[in-house]
Amino acid sequence: GLSTGQYSISMTGLAGFSMATSFLTPYLLSKFGQKTLLLLSQALFLTCAVIFALTQALGLNAYLNLVGFAMIGVGFAMGFGILMSQALNPFKQNAGLASSVLAICQIAFSAGYIWIMGMLGVSAVNMLIFLLLFSSIANTIVLVSVPNQRECLQE
């Protein structure tokens with residue numbers, strides 16, 4: 001329901017949040033550490049899912065979804081670099097190949113998810129809500145319950 005100008009301004013604002021977060025993340029990493037930032041990004045994803053669900057269920061103003069999209073951008077910008085470095089860390093000698101395999105898996109799994117949910121008749125917004133809820137809760141459980149390598153080596 002946005003005009004072309006309103007859409008452009010909205011996307012510019014959302015990109016601004018993501019870019020600001022990307023530039024602030026190294027500072028935040030040195031101050032708070034990886035685990036705290038990852039937990040914060042998951043909290044943002046969970047909050048976003050709640051915003052989308054409330055907007056859908058209660059028929060709230062659709063502009064509230066822009067707050068949710070900003071949270072997705074900030075959470076993604078905050079967590080992506082950390083997660084990629086952790087995922088590629090065991091493959092230092094073959095980082096290019098590992099990165100390519102990881103990208104192919106991300107595309108294939110997301111395409112499979114969208115296809116299966118589409119076949120089940122789930123709307124795009126509900127696909128997003130379910131994915132944000134499930135992944136944020138599952139990721140938080142893993143982050144809290146699995147010690148990192150440094151903690152294991154110190155014991």
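## Helix H4 and the all-helical fold around it

Take helix H4 first: at 1.5 Å a residue, its 25 residues should span 36 Å, and the end C-alpha atoms are indeed 36 Å apart, so the two agree. Bear in mind that this is a predicted model. The buried residues of H4 are Ala 98, Tyr 113 and Met 117. Their cover includes H3 and H5. After H4 comes Gly 121, with a positive phi near 80°.

**The whole chain**

Stepping back, the protein has six helices and zero strands. Read from the N terminus, that gives α-α-α-α-α-α. The C-alpha trace spans about 55 × 35 × 30 Å along its principal axes. The protein has 155 residues, and 24% of them count as buried. Now take the contacts with a separation of 6 or more: 69% of these come from residues 24 or more positions apart.

**How the helices pack**

Two packed helices are described by the angle between their axes and the distance between the axes. Here are three pairs side by side.

| Helix pair | Angle between axes | Distance between axes |
|---|---|---|
| H1 and H2 | roughly 120° | within 7 Å |
| H3 and H4 | about 120° | 10 Å |
| H4 and H5 | roughly 125° | within 10 Å |

Start with H1 and H2, whose axes cross at roughly 120°. That angle makes H1 oblique to H2. On the H1 side, Thr 25, Leu 28, Leu 29 and Phe 32 make the contact, and they meet Gln 34, Thr 36 and Leu 37 of H2. By class, this contact of H1 with H2 has four nonpolar residues, three polar ones and no charged ones.

Next come H3 and H4, packed at an angle of about 120°. These two helices are therefore oblique to each other. The crossing of H3 past H4 is right-handed. H3 brings Met 84, Ala 87 and Leu 88 to the contact, while H4 brings Ala 95, Ala 98, Ser 99, Leu 102 and Gln 106. Sort the residues of this H3 contact with H4 and you get six nonpolar, two polar and no charged. Ala 98 turns up twice in this account, as a contact residue towards H3 and as a buried residue of H4.

Then there is H4 against H5, where the axes cross at roughly 125°. That makes H4 oblique to H5. The crossing of H4 and H5 is right-handed. Tyr 113, Ile 114, Met 117 and Gly 118 of H4 make this contact with Met 127, Phe 130 and Leu 131 of H5. The class split for H4 with H5 is six nonpolar, one polar and no charged. Tyr 113 and Met 117 are part of this contact, and both are among the buried residues of H4.

**Helix H2 and what covers it**

How far apart are the end C-alpha atoms of H2? They are 36 Å apart, which agrees with the 36 Å that its 25 residues (34-58) should span at 1.5 Å a residue. The buried residues of H2 are Leu 37, Leu 38, Ser 41, Gln 42, Leu 44, Phe 45, Cys 48, Ala 49, Ile 51, Phe 52 and Thr 55. What covers them includes helix H1 (4-32), helix H3 (64-88) and helix H5 (124-145). Leu 37, one of those buried residues, is also in the contact with H1. Following H2 is Gly 59, whose phi is positive, near 65°.

**Helix H5**

H5 has 22 residues and reaches 31 Å from its first C-alpha to its last, close to the 32 Å expected at 1.5 Å a residue. Met 127, Ile 129, Leu 132, Ser 136 and Leu 143 are buried in this helix. Their cover includes H2, H3 and H4. Met 127 is worth a second look: this buried residue of H5 is also in the contact with H4.

**One residue on the outside**

Is Ile 9 buried or exposed? Ile 9, found in helix H1, has a relative accessible area of 64%, so this residue is exposed. Ser 110 lies 101 residues away from Ile 9 along the chain, and the C-alpha atoms of the two are separated by 28 Å.

How values were computed
Residues numbered from 1 in each chain as written. Predicted model: local features only at pLDDT ≥ 70, side-chain atom pairs only at ≥ 80, totals over all residues. Heavy atoms only, no water. Helix = DSSP H or I, 4+ residues; strand = E, 2+ residues; numbered from the N terminus. Expected span 1.5 Å × (residues − 1). Buried < 20%, exposed > 50% of the residue type's maximum accessible area, 1.4 Å probe, protein only. Contact = heavy atoms within 4.5 Å. Axes fitted to C-alpha atoms, helices over the stretch in contact; angles between N-to-C directions. Parallel < 35°, antiparallel > 145°, perpendicular 65-115°, else oblique. Left-handed = near helix turned anticlockwise from the far one by under 90°. Nonpolar A, V, L, I, M, F, W, Y, C, P; charged D, E, K, R; others polar.
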